[in-house]
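Reader: Could you take me through one helix up close, and then tell me how the cysteines fare? I'd like the cut-offs spelled out as you go.

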Amino acid sequence: MNSVKANKIHIGIFGKRNSGKSTLMNTILNQDFSIVSDILGTTTDVNQKSIELNPIGPVIFLDTAGIDDENELGIKRVEKTYKALDRCDVAIFVCDFERLNEIEIIFLKTLKTRKIPTLLITNKTDIDKPNDQEIKLREELSDKAIIISLKENNDAREIIKKALIEILPDEIIAPKDILQNLVKPKDHIILVIPIDKEAPKDRLILPQVQTIRNILDKDATLSITSVENLDTTLKNLNNKPKMVITDSQAFKKVSEIVPDEINLTSFSILFARLKGDLKAFIKGASKLDDLNENDKILICESCTHHAIEDDIGRVKIPNLIKKYTNKNLIFEFYSGYDFPENIEKYSLIIHCGACMTNRREILTRIMKAEDKNVPITNYGITISKCLGILQRATKIFEEI
């Protein structure tokens, strides 16, 4: 499994204050990462820790504040805990032997509604154990429930790992790759990588690196070229390439150079398929044909970066949309883990390629958009739509 942060399994640890969440974190990590104290509310924010958890592989643990935290600051901590659900592939819910209270039951039902696989751990069993009725309730509210004393059981780490493996869905154990069903051994792929202001000096960006590695893993071959040398690269090949993959910003020039019989797509569209829901994003792009004067559009970035003068999300895409629609539109921008609550005020959401976040978070954002009946799409699909080449850029994907 790729060790890039966005591709690691995100495992959230949840529960009331002083239920043993931090003890669990330290048990799994086999080190004192989180402060353990009898004082309520020791964990005040979402603590992240990346580790190699054999045999699962590289994972990120999210140690969260108690879901029963109080006062004004505590409420904000709880809000952050709930927001952590947006990027959780798996949840571990820690409780003690006492009867589950309403707050715990509501949270566990939320995990079920979100379809987040949940391991429920009943802790502090060196003091007491829940009754049969309570055990049955915990089993109903989770995918797997175990009873253990994290403090006393020396085998707790192995028991928890085994239980986690049992509830991991297939798509997490064996996730799709960026070129799933698109490339076969000995196929030849051309990657078009512009060297512009946004290209990091001496480096390639993550989607490009991930695509290169995936081509090699599939025993295929590749050529890497700039837009200026694409025509020469095509002429130098003895056989027609299986496809050309380009940076979205070079779509127009590349589409004019690459013959129609050669498949063409972009890194951003590949990521739309890998990280999100390609059908939903293509459907969302159709809203570009139905915008009204002064409609609000949200440009959403999953990471924070320094915006340059000709930034793709803040400058190029808004200008492209204005030209395509010939309307005066209002653009607002959001970046990082947060996602605005009042998205119903937007006529369209345009998301970045999502190379720096995980699939769960993007699917959650799509779900929230659909719940509010707000169309959502992504950078690459928006660009190809505005350039009139969306059908060509997505022709290679059999699922649509």
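Author: Let's start with what packs around α12: the cover over its buried residues includes β11 (296-301), β12 (330-335), β13 (348-351) and α14 (379-386). Contact here means heavy atoms within 4.5 Å, and buried means under 20% relative accessible area with a 1.4 Å probe, protein chains only. Helices are DSSP runs of H or I, at least four residues, and strands are runs of E, at least two, numbered from the N terminus.

Before going on: this is a predicted model, where local features need pLDDT of at least 70 and side-chain atom pairs count only at pLDDT 80 or more, while totals for chains, interfaces and linings use all residues. Residues are numbered from 1 along each chain as its sequence is written, and side-chain values use heavy atoms, leaving out hydrogens and water.

Back to α12, residues 312-325: the buried ones are I312, G313, I317, P318, I321 and T325. They sit on the same side of α12, because they cover an arc of only 150° around the axis, taken from the directions from the helix axis to the C-beta atoms. At the helix start, a side-chain oxygen of D311 comes within 3.2 Å of the backbone nitrogen of G313. After α12 comes N326, with a positive phi near 60°.

Now the cysteines. With a disulfide taken as a pair of cysteine sulfur atoms within 2.5 Å, the count is zero. C300 is buried at 0% relative accessible area, and its sulfur is too far for a bond because the closest cysteine sulfur, in C352, is 6.9 Å away. C386 is in no disulfide either, with the nearest cysteine sulfur, that of C352, 17 Å off; C386 counts as buried too, at 13% relative accessibility.

Technical notes:
Buried means under 20% relative accessible area, exposed over 50%, partly exposed in between (1.4 Å probe, protein chains only). A polar contact is a pair of N or O atoms within 3.5 Å; within protein, one must be able to donate a hydrogen and the other to accept it, and residues adjacent in sequence count only if both atoms are side-chain atoms.
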